[in-house]
Structures are given as C-alpha cells and as structure tokens.
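Q: I'm new to this structure and would like a close look at one part of it. Could you take me through the side-chain pairings, both the bonds that form and the ones that do not?

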Amino acid sequence: MSNLMPSDYDLRTALIFCYHLKKNAAESHQMLVEAYSGNALRHAQCYRWFEKFQNGDFDVRNEERGRPA
C-alpha cells in the first residue's frame with residue numbers, strides 16, 4: 001500500500017468521479033474509506049458535496065472565507 005496522503009481537493013475530485021458513476025454519497029464515502037481509511041472525508045462532508053453536485057455546482061476548490069469579526 002502506498003503512503004499517498006490525498007488532499008481534500010483530491011478527495012472532492014474523486015467524489016465527482018463517483019457522482020458521474022451514479023454512486024450515492026454513502027457508497028462514495030465507503031469507497032473513500034476503503035481506499036484511504038482515516039484520510040477519507042467525513043460522511044457528512046460527502047453528503048454536502050453531493051448536494052452541490054446535484055445543484056450543478058462542480059467547483060471543488062476551497063471557498064474563500066472572510067476573517068472572523
């Protein structure tokens with residue numbers, strides 16, 4: 001097994017691949033866990049990204065966040 005530590009961007013890109021294969025968020029999360037164990041996205045994160053994909057938003061870059069007040 002390799003020592004690859006995928007970035008969140010890499011994992012989100014993999015979710016797009018799963019989405020286009022007609023996998024649902026739960027199936028996709030399980031595939032990430034099988035491949036990357038502790039380095040996978042959390043279950044809730046996968047669901048949030050799948051909601052974005054279903055709304056036609058496939059931009060997986062980090063969103064800019066403002067400085068806390």
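A: Here is a walk through the cysteines and then the charged side chains. Please keep in mind that this is a predicted model.

Let's begin with the cysteines. A disulfide is a covalent bond between the sulfur atoms of two cysteines. Here the count of disulfides comes to zero. Why is Cys 18 not bonded to Cys 46? The sulfur of Cys 18 has its closest cysteine sulfur in Cys 46, at 8.5 Å, which is too far for a bond, because a disulfide needs the two sulfur atoms within 2.5 Å. Seen from the other side, the closest cysteine sulfur to that of Cys 46 belongs to Cys 18, again 8.5 Å away. As for their surroundings, Cys 18 is buried, with a relative accessibility of 4%, and Cys 46 is buried too, at 0%.

Now for the charged side chains, where you will find two salt bridges. One of them links the side chains of Asp 57 and Lys 52, with 3.6 Å from N to O. Asp 57 is partly exposed, its relative accessible area being 33%.

The other pairing joins Arg 61 to Asp 59, and their closest N and O atoms lie 2.8 Å apart. How open is each partner? Arg 61 counts as exposed at 56% relative accessibility, while Asp 59 is partly exposed at 32%.

To recap, look for buried Cys 18 and buried Cys 46 with no disulfide, and then for the two salt bridges.

Definitions and conventions:
Residues numbered from 1 in each chain as written. Predicted model: local features only at pLDDT ≥ 70, side-chain atom pairs only at ≥ 80, totals over all residues. Heavy atoms only, no water. Buried < 20%, exposed > 50% of the residue type's maximum accessible area, 1.4 Å probe, protein only. Salt bridge = Lys/Arg side-chain N within 4 Å of Asp/Glu carboxyl O.
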